[in-house]
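Thanks for coming, everyone. Have the structure open on your screens, and let's walk through it together.

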Amino acid sequence: MIKTVVRALAAVALAVLSVFHPVPAAQAAALAAPSYTLPLTEAINTIPVAAEDRTGYDREQSFGGWIDADRDGCNTRAEVLLAEAVEPPTKTGRCTLTGGRWYSWYDDTLVTKTDIDHAVPLAEAWDSGASTWTRQRRVEYANYLGDDRHLVAVSQRSNRQKSDQDVTAWIVPDNPSQRCRYLSDQVAIKLGWSLTVDPAEQAAMHRIAAECPDTDVTVNPVP
């Protein structure tokens, strides 16, 4: 009951706010879309399996760059930096950020210089179904702030090691609980955006999931 009331109030607040600061349709719809939770292994089995194809992919042309969805002067990258800072940066002018520190959970370190990682990389999303979307939806995906698992402030080193690889080639190193978190986030985003996995990726997910017997995945569908 309490959750229902909170969701209703949030929807009303978003409607009022959108009069002054329009937001992408996918982010607005996320409040109304029903979430669900599954055991990790079951969630992996729920993702459709399909061959991947990177034909036609171009990062800038396919997904665009950072946008300022609410027109407050801060683009998506700056919004994530402000939201995730453990020591907030100084904000001047419209949205110039200086200083600050962030916790990069990928490699368990505090950093003063950070990259913003797409948990499921843009190229991987393209391979897994985003190539069939409209460009507007791909821009929304690249800038999505409706789920805090989607975009993550991490160390430049870990982001560049990961690059555009899926879990067959890169996973958070060393820490089993963090690997479970990383895999859970991957699965949640793939299901939330109706993306696919290829057979090798599904097999890798199941191998990693064997370390995570008590892990559940909460999925927030994005219509």
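First, a term we need. A nonpolar core is a set of buried Ala, Val, Leu, Ile, Met, Phe, Trp, Tyr and Cys residues, joined through side-chain atoms within 4.5 Å. Buried here means under 20% relative accessible area. Keep in mind that this is a predicted model.

Now the core itself. The largest one has 26 residues. Leu40, Tyr106, Leu183, Val187 and Met205 have the most contacts inside it. Which elements each supply at least two of its residues? They are α3 (40-46), β8 (151-155), α9 (176-192), α10 (199-209) and β9 (216-219). Helix α9 gives the largest share, six residues. Apart from this core lies another one, of 15 residues. Leu122, Tyr144, Trp193 and Val222 are among its members.

Next, the overall picture. The protein chain has ten helices and nine strands. It counts 223 residues, and 44% of them are buried. Take contacts between residues at least 6 apart in sequence: 73% of those join residues at least 24 apart.

Let's zoom in on Tyr106. What does it touch, leaving out residues up to four places away in sequence? The list is Asp117, Ala119, Val152, Val154, Ser158, Lys162, Trp170, Val172, Pro173 and Tyr182.

Now go to Ala43, in helix α3. Buried or exposed? Its relative accessible area is 0%. The cut-off for buried is under 20%. Ala43 therefore counts as buried. Who are its contacts, beyond the neighbours within four places in sequence? Leu38, Val187, Leu191 and Val217. Look at Asp216 as well. Ala43 and Asp216 are 173 residues apart along the chain, yet their C-alpha atoms are separated by 8.3 Å.

That takes us to strand β9. In a regular strand, side chains alternate between the two faces of the sheet. You can follow this along β9. Val217 and Val219 point to one face and are buried. Asp216 and Thr218 point to the other face and are not buried. Strand β9 also has a partner: β1 (residues 36-39) pairs with it, antiparallel, over four bridges. Within that pairing, Leu38 has Val217 as its bridge partner.

On to a sheet of three strands. Strands of a sheet pair through backbone hydrogen bonds, either parallel or antiparallel. Here the order is β2-β5-β6, the sheet is open, and the pairing is antiparallel. Which strands are at the edges? They are β2 (85-87) and β6 (109-111), and each pairs on one side only. From one strand to the next, the twist averages 40 degrees. Helix α5 (residues 76-84) packs on this sheet and touches β2 and β5. The direction of α5 makes about 50 degrees with that of β2.

Let's step through the pairings. Two bridges join β2 to β5. There, Ala85 has Trp102 of β5 as its bridge partner. Strand β5 (residues 101-104) then pairs with β6 over three bridges. Ser104 is partnered by Thr109 in β6. Tyr103 stands opposite Leu110, also in β6. The β5 and β6 hairpin has four residues between its strands, and Asp108 takes a positive phi near 55 degrees there. Strand β5 has two faces too. Trp102 and Ser104 form the covered face, while Arg101 and Tyr103 form the uncovered one.

Now the rings. A pair of aromatic rings is described by the distance of the centres and the angle of the planes. How many aromatic pairs does a search of the whole structure find? Eleven. Ring pairs link Tyr57, Phe63, Trp126, Trp133, Tyr141, Tyr144 and Trp193 into a cluster.

Some rings carry a charge above them. The charged end of Arg137 sits over the ring of Trp133, 5.1 Å from its centre. The charged end of Arg181 sits over the ring of Trp105, 3.8 Å from its centre.

Last stop, helix α7 (residues 135-142). This helix is mostly covered, with six of its eight residues buried. Those buried residues are Arg137, Arg138, Val139, Glu140, Tyr141 and Ala142. Two of these names came up earlier: Arg137 has its charged end over the ring of Trp133, and Tyr141 belongs to the ring cluster.

That's the tour. Over to you for discussion.

How values were computed:
Residues numbered from 1 in each chain as written. Predicted model: local features only at pLDDT ≥ 70, side-chain atom pairs only at ≥ 80, totals over all residues. Heavy atoms only, no water. Buried < 20%, exposed > 50% of the residue type's maximum accessible area, 1.4 Å probe, protein only. Contact = heavy atoms within 4.5 Å. Phe/Tyr/Trp six-rings, centres within 6.5 Å; stacked < 30°, edge-to-face > 60°. Lys NZ or Arg CZ within 6 Å of the ring centre and 35° of its normal. Pairing = 2+ DSSP bridges. Axes fitted to C-alpha atoms, helices over the stretch in contact; angles between N-to-C directions.
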